[in-house]
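Take a moment to look over the chain before reading on. We will go from the whole fold down to single residues.

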Amino acid sequence: TLTPATEAARNDAAYVRLTGNTVTLAGRLSLINGAIAVYGQGTLCLNGGGTFGAAYLSSAKGTRIEVNSTLETTVTDSALRDMALQLSGNIGGNGVIHGALVDAIVSPGSAEQPGRLTANRWENDGRSTLVVRLAGLDTSSDYDQLVVVNSIATSVIGDLGSLQVLMTFFPDGGDTFEILDNRTASAMPGVFTGLPEGTTFIAGV
């Protein structure tokens, strides 16, 4: 558990260094305000959930954060709530983030299996990447899906960032995959970079 020791230490930052391994935190995280930065090589799995104030979780190159639980924020102001908790870097897992994915490489599920990752907000400036694996037709068990609940924002008008598709099976013509589930009240604000509506492209195998 990462908890600031005193009120005065509430803006502290925690640094997690990985050495080529996977570290699983089963306990619940608590951070009033501050940051958790993951660096080195490996994966940090957040399996016990967490409660945050204004917090920033990031993974540096070579690392990954997997959210396999629910991350919540104590911020109640509706205008600030979705951006109070921000995650960036390489983010995956099968959990729920009551916050924002900001300019992130989003790859739902685990390294071994596709999954569904849910966030209140998905924000990017054209540098974000959504990585999905297609291994069958069942949502979250056979292929990856990102669910966005409240808002999708782009600083480059109409650009959702890059899409990378990895395939381990051959679908039939007409098969469909809902890789991005937009549950917000607004229409999708754009398309993936270089992929206008109706584009045919070759996915990686």
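How many helices and strands does the protein chain have? There is one helix, and there are 16 strands. Keep in mind that this is a predicted model.

Start with overall size. The radius of gyration of the protein chain is 17 Å. The globule rule gives 17 Å for 205 residues, so the chain is as compact as a globular protein of that length. Along its principal axes, the C-alpha trace spans about 60 × 35 × 25 Å.

Now turn to the inside and the outside. Of the 205 residues, 45% count as buried. The accessible surface of the protein chain is about 10,100 Å². Carbon and sulfur atoms hold 52% of that surface. The chain also carries charges: 11 positive and 19 negative. The mean positions of these two sets lie 8 Å apart.

Contacts tell us how the chain folds back on itself. Take the contacts with a separation of 6 or more. Residues 24 or more positions apart account for 50% of them.

Next come the aromatic rings. A pair of such rings is described by two things: the distance of the centres and the angle of the planes. How many aromatic pairs does the structure hold? It holds three. One of them joins tyrosine 143 and phenylalanine 177. Their ring centres are 5.2 Å apart. Their planes stand at 90 degrees, and planes over 60 degrees apart count as edge-to-face, so this pair is edge-to-face.

Where do these two residues sit in the chain? Tyrosine 143 is in the loop between β11 (129-134) and β12 (145-154). Phenylalanine 177 is in the loop between β14 (162-167) and β15 (180-182). They are 34 residues apart, so the pair links distant parts of the chain. Is tyrosine 143 buried or exposed? Tyrosine 143 has a relative accessible area of 3%, and it is buried because that value is under 20%. Phenylalanine 177 reaches 21%, so it counts as partly exposed.

Phenylalanine 177 has another partner, phenylalanine 169. Here the ring centres are 6.2 Å apart and the planes are at 80 degrees, so this pair too is edge-to-face. Tyr143, Phe169 and Phe177 together form one aromatic cluster.

Stay in the loop between β14 and β15, where threonine 176 lies. Threonine 176 has a relative accessible area of 64%, so it is exposed. Its C-alpha atom is 7.8 Å from that of leucine 137, and the two residues are 39 apart along the chain.

Move on to strand β10 (residues 116-124), the place of arginine 121. Which residues does arginine 121 touch, not counting those up to four places away in sequence? They are Asp82, Met83, Gly99, Ala100, Leu101, Val148, Ser151 and Ala153. The C-alpha atoms of arginine 121 and isoleucine 152 are separated by 5.7 Å. Along the chain, these two are 31 residues apart.

Now go to the start of the chain. Aspartate 12 is found in the segment before β1. Aspartate 12 has a relative accessible area of 44%, so it is partly exposed. Setting aside residues up to four places away in sequence, aspartate 12 touches Asn33, Gly34 and Ala35. Isoleucine 202 is 190 residues from aspartate 12 along the chain, and their C-alpha atoms are 46 Å apart.

Follow the chain into strand β1 (residues 13-25), where glycine 20 lies. Glycine 20 is exposed because its relative accessible area is 59%, and the cut-off for exposed is over 50%. Beyond its neighbours within four places in sequence, glycine 20 is in contact with Gln41 and Gly42. Leucine 80 is 60 residues from glycine 20 along the chain. Their C-alpha atoms are separated by 36 Å.

One last stop is aspartate 103. This residue is in the loop between β8 (96-102) and β9 (105-108). Aspartate 103 has a positive phi of about 45 degrees, although it is not a glycine. Its relative accessible area is 27%, so aspartate 103 is partly exposed.

Notes:
Residues numbered from 1 in each chain as written. Predicted model: local features only at pLDDT ≥ 70, side-chain atom pairs only at ≥ 80, totals over all residues. Heavy atoms only, no water. Phe/Tyr/Trp six-rings, centres within 6.5 Å; stacked < 30°, edge-to-face > 60°. Helix = DSSP H or I, 4+ residues; strand = E, 2+ residues; numbered from the N terminus. Buried < 20%, exposed > 50% of the residue type's maximum accessible area, 1.4 Å probe, protein only. Rg over C-alpha atoms; globule rule 2.2 N^0.38 Å. Contact = heavy atoms within 4.5 Å. Areas by Shrake-Rupley, 256 points an atom, 1.4 Å probe, with all protein chains shown as cover. Lys, Arg positive; Asp, Glu negative; His and termini not counted. Charge placed at Lys NZ, Arg CZ, Asp CG, Glu CD.
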